[in-house]
Amino acid sequence: MDLIYAIVLGIVEGLTEFLPVSSTGHLILTSKLLGIQQDMFHKTFEVIIQLGSILAVIFVFWERLFKNSLELWVKLAIGFLPAGILGFLLYDLIKMLFAPITTSIMLIVGGIAFIVIEIFYKEKEHHTKEITEISYKQSFLIGIFQALAMIPGTSRSGATIIGGLLLGCNRKVATEFSFLLALPTMIIASGYSAYKNYAVFNADNLLILAVGFVVAFLSALIAIKLFLGFVSRFNFIPFGIYRIILGIAFLFYLEVL
């Protein structure tokens with residue numbers, strides 16, 4: 001992998017990490033289009049540059065995260081548990097699922113789920129309207145939805161947003177909690193991946209990682225601000241349609257259809 005590919009993948013990661021379209025899926029499909037070799041360093045690169053996106057979340061939500069927020073951190077820890085436990089136990093199996101066909105199918109399935117849920121979803125007076133109002137039970141159950149996103153193409157943000165909507169959060173709260181739940185999940189996932197694959201790093205690789213990290217941070221910063229403005233005015237049906245079109249297009253590209 002060279003620096004140009006690192007920049008492209010950093011942009012893709014940052015723009016899609018917090019949108020309900022599957023950043024992992026986009027990275028897999030982009031790598032397939034670019035003909036990038038799917039070696040161990042490449043797979044580790046895709047996980048570690050997520051830390052750039054995470055830094056963007058910390059930048060945007062700094063005050064909320066570090067000012068009188070112990071209860072919020074406890075809820076995030078509870079939400080992390082399902083994916084954390086399953087990810088640790090099934091790490092090698094999950095890596096085996098990282099394939100373009102799996103990704104394409106899950107993009108379509110997730111897109112259909114968004115459209116169906118939005119058709120029936122109506123915000124009600126009793127819905128959770130502030131992130132501080134999310135209960136410990138809701139946190140844990142949203143974490144279960146997040147665990148589903150270990151299947152590539154599902155989308156971590158998509159699964160947690162759907163979980164939040166089904167569990168009585170309004171769109172804004174479901175989206176913000178999804179952003180924040182990424183912090184423990186992705187920091188630990190990236191750290192664990194680096195630990196498992198430290199042998200692939202060398203001086204040249206570290207430069208590529210640094211470039212991907214910085215680009216992912218900048219593009220994620222833009223995506224977060226735009227997405228928060230979008231969900232305050234619109235629903236998620238456009239993302240559902242996009243996922244279905246993209247998934248079908250890549251199934252044709254892979255000559256499955």
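**Helix packing, salt bridges and a nonpolar surface patch**

Leucine 81 is found in helix α6. This is a predicted model, and every value below was computed from it. With a relative accessible area of 39%, leucine 81 is partly exposed. That residue belongs to a nonpolar patch on the surface, together with Ile85, Leu86, Phe88, Leu89, Leu90, Leu93, Met96, Phe140 and Ile144. Added up, the patch members offer about 990 Å² of accessible area. Three helices each put in at least two residues: α6 (70–89), α7 (91–96) and α9 (136–148). Helix α6 gives the largest share of the patch, with five residues.

Next come the places where helices pack against one another. Take α4 (residues 50–60) and α11 (residues 171–196): their axes lie 9 Å apart, and the angle between them is about 145 degrees. This crossing of α4 and α11 is left-handed. On the α4 side, the residues that take part are Gln50, Leu51, Ile54, Val57 and Ile58. They meet Phe179, Leu180, Ala182, Leu183, Met186, Ile187 and Ser190 on the α11 side.

Helix α4 also holds serine 53. Is serine 53 buried or exposed? Its relative accessible area is 0%, so serine 53 is buried. Who, then, are its contacts once neighbours within four places in sequence are set aside? For serine 53 they are Glu13, Gly14, Glu17 and Phe18, along with Ala216, Phe217 and Ala220.

A second helix pair is α3 (residues 40–48) and α12 (residues 203–231), whose axes come within 10 Å of each other. Here the helices cross at roughly 35 degrees, and the crossing of α3 and α12 is right-handed. From α3, the residues at this meeting point are Phe41, Phe45 and Ile48. Facing them from α12 are Asn205, Ile208, Leu209, Gly212 and Phe213.

Loops come into the picture as well. Isoleucine 131 sits in the loop between α8 (100–120) and α9. Its relative accessibility is 4%, so isoleucine 131 counts as buried. Valine 173 is 42 residues away from isoleucine 131 along the chain, yet the C-alpha atoms of the two are separated by 5.4 Å. Val173 is also one of the contacts of isoleucine 131 when neighbours within four places in sequence are left aside. The others on that list are Arg64, Glu176, Phe177 and Leu180.

Two of those contacts, Arg64 and Glu176, turn up again among the charged pairs. How many salt bridges does a search of the whole structure find? There are four salt bridges. In one of them, glutamate 176 pairs with arginine 64, and the closest N and O atoms are 2.6 Å apart. Glutamate 176 is in helix α11 and arginine 64 is in helix α5 (residues 62–66), so this pair ties together parts that are 112 residues apart in sequence. The two partners have their own levels of cover: glutamate 176 counts as buried, at 5% relative accessibility, whereas arginine 64 counts as partly exposed, at 35%.

Glutamate 176 has another salt bridge, this time with lysine 172, where the closest N and O atoms are 3.0 Å apart. Lysine 172 and glutamate 176 are four residues apart in helix α11, so about one helical turn separates them. At 37% relative accessibility, lysine 172 counts as partly exposed. Put the pieces together, and Arg64, Lys172 and Glu176 are linked in a network of salt bridges.

A further salt bridge joins arginine 171 to glutamate 118, with the closest N and O atoms 2.7 Å apart. This pair links distant parts of the chain, since arginine 171 is in helix α11 and glutamate 118 is in helix α8, 53 residues apart. Both partners are tucked away from the surface by the cut-off of under 20% relative accessible area for buried residues. Arginine 171 has 15% relative accessibility, so it counts as buried. Glutamate 118, with a relative accessible area of 5%, is buried too.

Methods
Residues are numbered from 1 along each chain as its sequence is written. This is a predicted model: local features need pLDDT of at least 70, side-chain atom pairs count only at pLDDT 80 or more; totals for chains, interfaces and linings use all residues. Side-chain values use heavy atoms; hydrogens and water are left out. Patches are made of residues with over 30% relative accessible area and no salt bridge: like charges are joined within 9 Å, nonpolar side chains (Val, Leu, Ile, Met, Phe, Trp, Tyr) within 5 Å. Accessible areas come from the Shrake-Rupley method with a 1.4 Å probe; for residues, only the protein chains shown count as cover. A salt bridge is a side-chain nitrogen of Lys or Arg within 4 Å of a carboxyl oxygen of Asp or Glu. Buried means under 20% relative accessible area, exposed over 50%, partly exposed in between (1.4 Å probe, protein chains only). Axes are lines fitted to C-alpha atoms, for helices over the stretch in contact, and angles run from 0 to 180 degrees between N-to-C directions. A crossing is left-handed if the near helix is turned anticlockwise from the far one by less than a right angle, and right-handed if clockwise. Contact means heavy atoms within 4.5 Å.
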